[in-house]
Amino acid sequence: MPGKTHVQTKINGEDVEFLCEPRQSLLECLRDIVGLTGSKEGCNDGNCGACTVSLDGRIVTSCLVLGVEADGAEVNTIEGVASPDGLHPIQEAFLENAALQCGICTPGFIVATKALLEQEPTPSEHRIRFWLAGNLCRCTGYDKIVRAVMDASERMAAAS
Amino acid sequence: MKWIDYARPGSLDEAVKLLADGGGKARPLAGGTDLLVMLRAAAERVGSPDLVVDVKCVPELNQICYDDSEGLTIGAAVECYRIYADETIACKYPGLTDAATLIGGIQIQGRASVGGNLCNAAPSGDSIPALIALGATANVTGPNGSRQVAVEDFCTGPGRNVLGAGELLVSISIPAPKAGSGARYIRFIPRNEMDIAVAGSGVSVEIEDGTFTSARVALASVAPTPLFVQEAGDSLEGKPVNDESIAEAASIASAAASPITDMRGTAEYRTHLCEVLTRRALNTAVERAKGGE
Amino acid sequence: MTTTQEAPKQYKVIGTRPIRHDGADKVTGRAKYGADYQTAGLLYGKILRTPHAHANIRSIDTSKAAAYPGVRAVMTGADLPETKNEDGDRKITLGELGTDLKYLREGIMARSKVVFKGQPVAAVAAVNQHVAEEATKLIEVDYEVLPPVTDVREAMKEAAPLLHDDIETVELNEKTGRISNIAEHFQHRQGDPDKGFAEADVIVEREFDTATVHQGYLEPHNCTVHWNDDGRVLIWNSTQGPFNIRDATAQVLELPLSQVKLTPMEIGGGFGGKFEPYGEPIAAVLSKMSHAPVKIVMTRTEEFESTGPTPGSYIKVKMGAKNDGTLVAATAHLAYEAGGFPGSPVGAAAECVFAPYNIANVQVDGYDVVVNKPKTAAYRAPGATNAEFASETVVDEIAEKLGMDPIEIRLKNASAEGTRRADGTAFGNIGCVEVLEALRDHPHYTAPLEGENRGRGVAIGYWMNAGLQSAVNLAVNNDGTVALTEGSPDIGGTRTSISMQAAEVLGIPAEDFIPSVVDTDSIGWTFGTGGSRTTFATGMAAYKAAQDVKAQMIERAALIWDVDADSLEMEDGVIRSKTDSELKMTFKELAGELNSTGGPIAGRGVVNPTGQGGAFAGLIVDVEVDKETGKIDVLRATIAQDVGKAIHPSYVEGQMQGGTVQGIGWALNEEYYMEDDGRMANSTFLDYRVPLALDLPMIDTVIVEKPSPAHPFGVRGVGEVNIVPPPAALANAAYRAAGIRMNVLPMSPPNVMKTLWEQG
């Protein structure tokens with residue numbers, strides 16, 4: 001069997017190198033090789049959003065990216081959302097609005113929400129629901145998630 | 001997943017060489033949103049490749065160009081989000097923007113390309129009827145040179161296309177829109193996003209003095225390939241723009257559909273949807289033609 | 001046990017909304033779910049599943065897989081202990097359903113026959129998941145393919161293919177000697193339905209078909225198992241019921257219970273579906289063979305095809321009323337698909353179908369029928385949603401025929417304390433009337449609804465809720481905080497709702513608790529998180545444990561002050577003398593003295609409560625129907641539910657909203673679409689359409705609090721009943737919007753269009 005491929009990437013701002021098989025997804029590489037298990041696998045075919053990460057500034061489902069494709073790229077995951085100063089306003093808003101129950105979809109929602117609010121600081125409810133349509137949540141019925149995103153938008157506006 | 005090798009060529013020549021040398025066991029990779037799913041679930045349906053050739057760093061596959069005489073050329077690997085974020089495309093080709101907005105959710109749109117959607121050749125591929133309606137052409141390069149294929153002739157069956165061994169879809173060209181033209185793609189899905197068309201209709205119209213001078217209609221998910229219904233568009237030529245002419249074209253489109261019954265709907269239901277969707281698409285295309293250039 | 005109700009008062013902690021204790025871990029990605037578990041030398045297991053819905057296994061050849069590079073172990077059903085005849089009657093209780101050991105073992109891995117597509121037939125452990133998967137493809141299984149039957153009505157016919165040659169139909173509690181796919185027919189009867197219908201002025205009888213649906217939790221089943229060198233079997237997984245899975249795994253493997261230890265990891269949703277062992281016994285055998293820990297994580301398609309969905313059903317409901325709206329008679333025929341092995345939730349369905357109403361003459365016939373689909377498991381109020389979809393649309397039609405308001409007719413007949421269900425059980429304290437009144441009085445019910453093809457519907461739902469065993473331990477830390485250990489996996493904030501109940505007793509903040517969900521060696525036997533029971537029963541255990549701590553703290557203060565303990569009291573976190581105002585000490589101050597005044601204080605609470613009462617929820621929903629495409633859009637939804645007492649209102653609202661939306665998904669689009677060969681055609685999240693954020697409005701909640709006398713704070717349990725009303729409420733709304741009476745689930749666009757063509 002052929003050997004593994006060397007991948008050089010930047011994850012959450014840090015240079016990271018790893019070896020992987022070309023058939024391994026970025027999600028597998030993050031979880032099983034790099035040890036960042038915050039991104040979750042819910043479907044492995046791009047339909048649940050639990051593995052959402054940012055790849056060179058765009059959110060993607062990391063199950064539909066090969067690890068080798070991340071060579072030379074910048075990856076940002078849920079583990080990079082909080083800072084040494086504490087939780088990100090989106091994370092605080094999710095907690096205070098009780099926007100999670102089991103929590104397995106939460107990393108994907110937070111990464112997707114961060115991308116939305118950085119691009120559009122004050123989205124409408126409809127826009128939030130459209131943006132998050134690729135993230136499934138089976139526990140909450142989305143009500144409290146949408147409210148948390150609206151609350152996070154206000155928190156980020158107040159902080160800036 | 002079976003073992004695969006990975007290559008990332010930086011030029012078109014290199015990409016074509018890798019694909020040609022692969023002897024049918026090499027497969028291009030753009031966004032991967034179809035290919036990786038297939039490699040996991042049914043690798044034999046994509047030829048059980050030993051090598052994937054990542055074409056995202058090939059310049060020709062990665063650009064969007066427009067001018068008023070040549071029209072639009074979109075590289076085959078250009079992601080959906082770049083298409084619907086492009087103001088020229090939104091203004092000149094709203095039917096294409098419609099389709100690019102509908103494919104997948106935000107995460108998928110960050111990867112998936114219209115070129116990949118076309119090569120995947122699913123009967124339900126949302127961008128394909130939109131491209132057919134716009135009279136688009138596929139620009140193909142291979143070991144024996146380049147050729148152009150009308151998009152309506154590109155797909156040859158579910159998951160099958162005209163590409164020969166070593167051939168690669170480089171880009172898609174669409175003629176510049178004429179004054180008084182409008183286009184629209186709509187599909188029907190049970191949810192409001194993240195779904196596969198039960199049926200879809202892509203249309204374009206050209207209108208002069210309240211009369212259709214030209215029109216094209218294509219359907220999704222109601223035949224083994226996306227279906228160009230020339231007679232539906234032709235029926236509008238020379239007809240006044242009104243509910244009657246639009247209804248007639250919609251019913252011609254519906255009659256051309258030959259859908260199957262499956263988990264997404266019965267044949268009867270899908271045939272019915274073709275009429276509804278084509279009528280609705282034509283109404284919006286007419287509005288756009290009147291409101292636009 | 002008997003419980004004294006706390007006198008109504010202003011609570012300090014209960015009813016507030018503290019941040020959940022596991023919150024930071026869950027918003028930062030640090031929380032460890034089952035699939036996140038890593039350990040040195042880990043192997044990956046992959047299960048080979050049958051592609052046939054019904055077949056005999058002639059032979060299995062694993063030699064090529066065993067020789068594949070990187071493979072460490074290969075097993076088949078022959079590597080599980082053989083089921084001896086007497087095991088057939090050893091029922092294992094799993095979640096809210098149950099099955100027997102013989103069928104459980106066959107479902108985990110078939111030996112000689114497969115009865116649903118996706119049933120395991122062999123498994124491989126290898127160095128990574130790709131190698132394991134490729135190796136399973138090298139296993140050769142020779143099948144004799146048999147005709148499948150996947151529809152309950154077809155399966156009940158005499159000529160239907162027989163799934164099992166040992167299912168002797170039980171007819172009204174008697175074995176018949178007849179072999180069929182009908183495992184059981186039972187009947188409940190009150191009064192005289194014939195006489196009741198003879199008195200009725202209006203009778204409506206309708207038939208309903210509902211599709212199989214899945215819980216659709218986002219996290220697939222997973223487990224890591226290490227058969228240790230000392231013989232102990234160590235399991236790390238995501239489960240609702242650590243003790244349930246430990247016990248079942250031990251029984252399947254014929255091990256003493258204590259030889260298996262299960263450490264529950266965080267769990268990514270369950271809804272009833274994570275009470276059953278699937279991969280655990282397989283990973284255990286592979287681990288024993290390979291002498292290494294083995295991890296198995298299911299794919300989404302394996303989830304749909306090989307774990308327990310909730311049944312499809314065929315239902316007939318007939319109800320009769322007098323002109324004044326009094327319901328006088330009702331009958332129901334409930335035929336439920338158990339899946340490949342007996343054990344559907346039709347028993348629960350029969351208890352629920354007419355439970356919201358006081359009807360003198362009732363007969364319910366239930367049928368548990370095997371079909372070539374995965375064995376059903378529990379799903380949020382299992383059985384009730386199908387049945388009450390039927391009865392609640394029939395009630396709506398009766399109201400229409402009588403020209404009565406749909407809430408008025410329900411209120412007129414509403415069940416109350418003393419009303420008997422069809423099975424004869426009399427209700428205790430319930431909130432059926434209060435829920436209906438809350439709906440009637442909500443502004444949504446009378447708000448104008450303008451626009452074409454729009455309509456409003458209502459429905460109510462009933463579910464019984466569970467009590468069962470729970471244990472909680474408390475340990476007072478010297479800094480005044482309290483460590484709480486429990487055996488209930490936390491799926492939606494129960495670490496906090498349970499801590500809050502102990503906090504209320506001790507008069508200290510919920511934030512001063514450090515709750516942990518611990519392994520099966522570290523806490524008393526606790527039934528799983530399900531049956532709407534955790535905040536009720538484990539909360540009650542926490543209450544008892546806190547009372548224990550409180551008594552010990554008072555005794556310790558008495559010791560320190562050298563006074564009689566009876567002269568002391570503890571309130572709001574302060575221990576004080578009833579007579580001497582100088583003698584007082586905060587909980588925290590006393591905690592700091594413990595080690596120097598006699599040693600640590602730990603509290604214990606174990607319960608097995610009953611009498612939790614039933615739960616009712618009702619929904620008002622507005623829809624718009626596209627009459628050209630058959631698509632139903634939900635415009636507005638308001639759910640009212642009697643929760644007894646809301647401990648943490650945000651998480652109560654979350655349960656209500658989540659259940660409502662699962663009910664909406666079930667109602668509108670979710671279904672197992674079965675091909676003629678018994679294959680599920682849509683086993684992905686692309687084609688099995690759960691609701692998206694974009695498909696829904698905000699879900700308004702009305703928390704109705706009629707305290708349950710069975711719980712010290714009046715908790716009733718909130719997890720399940722909210723899923724019951726949506727299908728009927730949506731069908732009733734669709735009738736007012738488009739003039740169609742839907743008698744099929746899902747009310748998907750093709751099904752609605754078909755009905756429009758037939759009824760329009």
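This is a short tour of three chains, with a suggestion at each stop for what to select.

Before you click, note that this is a predicted model: local features need pLDDT of at least 70, side-chain atom pairs count only at pLDDT 80 or more, and totals for chains, interfaces and linings use all residues. Residues are numbered from 1 along each chain as its sequence is written, while chains are lettered from A and ligands numbered from 1 in the order in which they are written.

**Stop 1: chain A**

Select chain A and switch on the cartoon. You'll find five helices and five strands; here helices (H or I, at least four residues) and strands (E, at least two) are DSSP runs, numbered from the N terminus. Follow the sequence along and the pattern reads β-β-α-β-β-β-α-α-α-α. The C-alpha trace spans about 50 × 30 × 25 Å along its principal axes. Chain A has a radius of gyration of 16 Å, which agrees with the value near 15 Å for a compact globule of 160 residues. That radius is taken over C-alpha atoms, and the globule rule is 2.2 Å times the number of residues to the power 0.38.

Of the 160 residues in chain A, 68% are buried. A residue is buried if 20 or more other C-beta atoms lie within 10 Å of its own, exposed if 12 or fewer, and partly exposed in between, with C-beta atoms placed from the backbone.

**Stop 2: helix 5 of chain A**

Now pick residues 143-159 of chain A. This is helix 5, with 17 residues, and it reaches 24 Å from its first C-alpha to its last, close to the 24 Å expected at 1.5 Å a residue. (The expected span is 1.5 Å times one less than the number of residues.) Which residues of helix 5 of chain A are buried? They are D143(A), K144(A), I145(A), V146(A), A148(A), V149(A), A152(A) and S153(A).

Show what surrounds them. The cover includes helix 2 (89-96), helix 3 (106-119) and helix 4 (125-131) of chain A, together with helix 18 (649-668) and strand 30 (699-704) of chain C.

**Stop 3: where chain C meets its partners**

Bring in chain C: 43 of its residues are in contact with 43 residues of chain A. In contact means that the two C-beta atoms, placed from the backbone, lie within 7 Å. Helix 18 of chain C gives the largest share of the chain C side here, seven residues. By class, that side has 21 nonpolar, 16 polar and six charged residues. Ala, Val, Leu, Ile, Met, Phe, Trp, Tyr, Cys and Pro count as nonpolar, Asp, Glu, Lys and Arg as charged, and the others, Gly among them, as polar.

Next, look toward chain B, where 19 residues of chain C are in contact with 17 residues of chain B. Helix 20 of chain C supplies the largest share of the chain C side, three residues.

**Stop 4: a sheet in chain B**

Finally, look for an open sheet of four strands in chain B, in the order 11-12-13-14 with antiparallel pairing. Strands pair if DSSP finds at least two bridges between them. The edge strands are strand 11 (181-188) and strand 14 (227-228) of chain B, each pairing on one side only. Strand 11 and strand 12 (residues 199-208) of chain B pair over eight bridges. Label Y185(B), and you'll see G202(B) of strand 12 opposite.

Add helix 11 (residues 267-291) of chain B, which packs on the sheet and touches strand 11, strand 12 and strand 13 of chain B.

Key: Expected span 1.5 Å × (residues − 1). Axes fitted to C-alpha atoms, helices over the stretch in contact; angles between N-to-C directions.
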